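Work through the following exercises with the sequence and the 3D view side by side, and try each task before reading its solution.

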Amino acid sequence: MGVSVHPQAQQVLDGKAASGAPPLWELSPDEGRAMVEANNAMIPAGPDVESVRDIVIPSQAGGMPARVYSPSPAARGVVLYYHGGGWVVGTLDGWDASVRGLAVASGCDVVSVDYRLAPDHVFPAAADDAYDALVWAASASGLAAGRPIVVAGDSAGANLATVSALRARDSGGPPIALQVLVYPVVDCDLDRRSYRECDGDELIVNRRDMIWFWDHYAPEPASRANPYASPLRAPSLSGLPPVYLVTAEHDPLRDEGFAYADRLRAARVPVEHRHYGSQIHGFFTFTGVLDDADKAVAEAGSAIRSAVEGS
């Protein structure tokens with residue numbers, strides 16, 4: 001890794017090391033969830049929005065909790081946001097600050113989707129929930145009401161966002177104005193160079209964390225190669241909505257993010273790629289802690305605003 005970790009991000013990592021907490025991959029899912037929730041509780045509160053309300057989205061599984069952040073009554077579009085956490089950990093509360101920031105920066109209603117988590121619900125449960133949320137938003141009774149829709153997420157949530165776009169293309173689903181993919185999981189190959197570089201336990205997410213996530217989400221090896229789990233393996237990426245992609249240098253997912261950008265461009269999908277050369281996986285959610293998080297959320301919001309206004 002050529003560029004050193006940003007000093008602010010290094011402080012976060014130093015705090016992780018000083019806590020003496022065991023690595024995620026040594027924990028049970030419940031223990032991992034509690035640890036991540038405790039860490040996220042230290043992130044400062046996000047900006048005020050006009051309204052926040054909890055709803056239930058109709059789904060194949062019977063109903064899915066979600067939270068709607070509305071910055072103004074005149075919001076021009078709807079963003080479906082899928083939180084990160086390797087399909088295993090993460091909550092609406094834990095991602096509240098960055099999602100608020102995205103609602104303000106984009107000027108759009110943001111729906112934070114509480115999809116089902118593994119290992120209680122293995123692949124394709126989370127992907128099904130994510131797509132159900134998209135179909136609902138675009139439906140006659142959904143929130144979009146004819147407004148443009150954006151799919152967005154970080155890490156495993158970005159996987160669910162781009163898989164929803166892939167499914168919409170494949171099945172004639174709702175049109176999508178933009179995909180916002182923040183250090184997305186797009187492939188099950190855990191031996192890329194960036195994985196080998198991140199094979200210790202010092203980062204927020206390391207190679208063995210990703211093994212732990214995949215083992216819980218897609219325990220059957222054959223299911224991992226399914227394009228709706230590993231979208232980089234889709235036979236074609238043509239016809240997908242434009243992509244705003246964020247990657248971080250100190251991140252096992254770095255190289256698959258670059259590979260996805262290359263394949264999208266080769267398929268003539270418009271891609272805007274922002275690489276944060278001194279940042280770590282997970283930085284996007286540390287708003288109010290990392291200057292780069294505030295910048296990344298603001299820039300993603302601007303990209304959403306432009307896409308929505310151009311729709």
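The exercises below concern a predicted model, and each task is followed by a solution in steps.

**Exercise 1. A covered strand**

Task: Find out which strands pair with strand S6, and in which sense.

Solution: Begin with strand S5 (residues 149–154), which pairs with S6 in the parallel sense over 5 bridges. Within this pairing, Gly153 has Leu181 of S6 as its bridge partner. Next, turn to strand S7 (residues 243–250), which also pairs with S6 in the parallel sense, here over 4 bridges, and in which Leu245 is the bridge partner of Leu181. Finally, follow the chain from S5 through helix H5 (residues 156–171) to S6, and you will have traced a right-handed β-α-β unit.

Task: Decide whether the two faces of S6 are covered or open.

Solution: Recall that in a regular strand the side chains alternate between the two faces of the sheet. In S6, Leu178, Val180 and Val182 belong to one side, while Gln179 and Leu181 belong to the other, and all of these residues are buried. Both faces are therefore covered, because a residue counts as buried when its relative accessible area is under 20%. This agrees with the count for the strand (residues 178–182), in which 5 of 5 residues are buried.

**Exercise 2. An aromatic pair**

Task: Classify the pair formed by the rings of Phe123 and Tyr217, and say which parts of the chain the pair ties together.

Solution: A search of the whole structure finds 7 aromatic pairs. For Phe123 and Tyr217, the ring centres are 5.7 Å apart and the planes stand at 80 degrees, so the pair is edge-to-face. Phe123 lies in the loop between strand S4 (109–113) and helix H4 (125–138), whereas Tyr217 lies in helix H7 (residues 207–217), so the pair ties together parts that are 94 residues apart in sequence. Both Phe123 and Tyr217 are buried, and together with Trp87 and Trp214 they form one aromatic cluster. Tyr217 is also one of the residues that touch the most other members of the largest nonpolar core, which has 110 residues.

**Exercise 3. A charged residue**

Task: Determine whether Arg100 is buried or exposed, and what its side chain contacts.

Solution: First locate Arg100 in helix H3 (residues 96–106). Its relative accessibility is 18%, so Arg100 counts as buried. Its side chain makes a polar contact of 2.7 Å with the side chain of Asp96. Looking beyond four places in sequence, we find that Arg100 touches Gly46, Pro47, Asp48, Val49, Val52 and Tyr69.

Note on methods. Residues are numbered from 1 along each chain as its sequence is written. This is a predicted model: local features need pLDDT of at least 70, side-chain atom pairs count only at pLDDT 80 or more; totals for chains, interfaces and linings use all residues. Side-chain values use heavy atoms; hydrogens and water are left out. A nonpolar core is a set of buried Ala, Val, Leu, Ile, Met, Phe, Trp, Tyr and Cys residues joined through side-chain atoms within 4.5 Å. Buried means under 20% relative accessible area, exposed over 50%, partly exposed in between (1.4 Å probe, protein chains only). A polar contact is a pair of N or O atoms within 3.5 Å; within protein, one must be able to donate a hydrogen and the other to accept it, and residues adjacent in sequence count only if both atoms are side-chain atoms. Contact means heavy atoms within 4.5 Å. Two strands pair if DSSP finds at least two bridges between them. A crossover is right-handed if, with the strands pointing away from the viewer, the path from the first strand over the helix to the second runs clockwise. Rings of Phe, Tyr and Trp (its six-membered ring) pair if their centres lie within 6.5 Å; planes under 30 degrees apart count as stacked, over 60 as edge-to-face and the rest as tilted.
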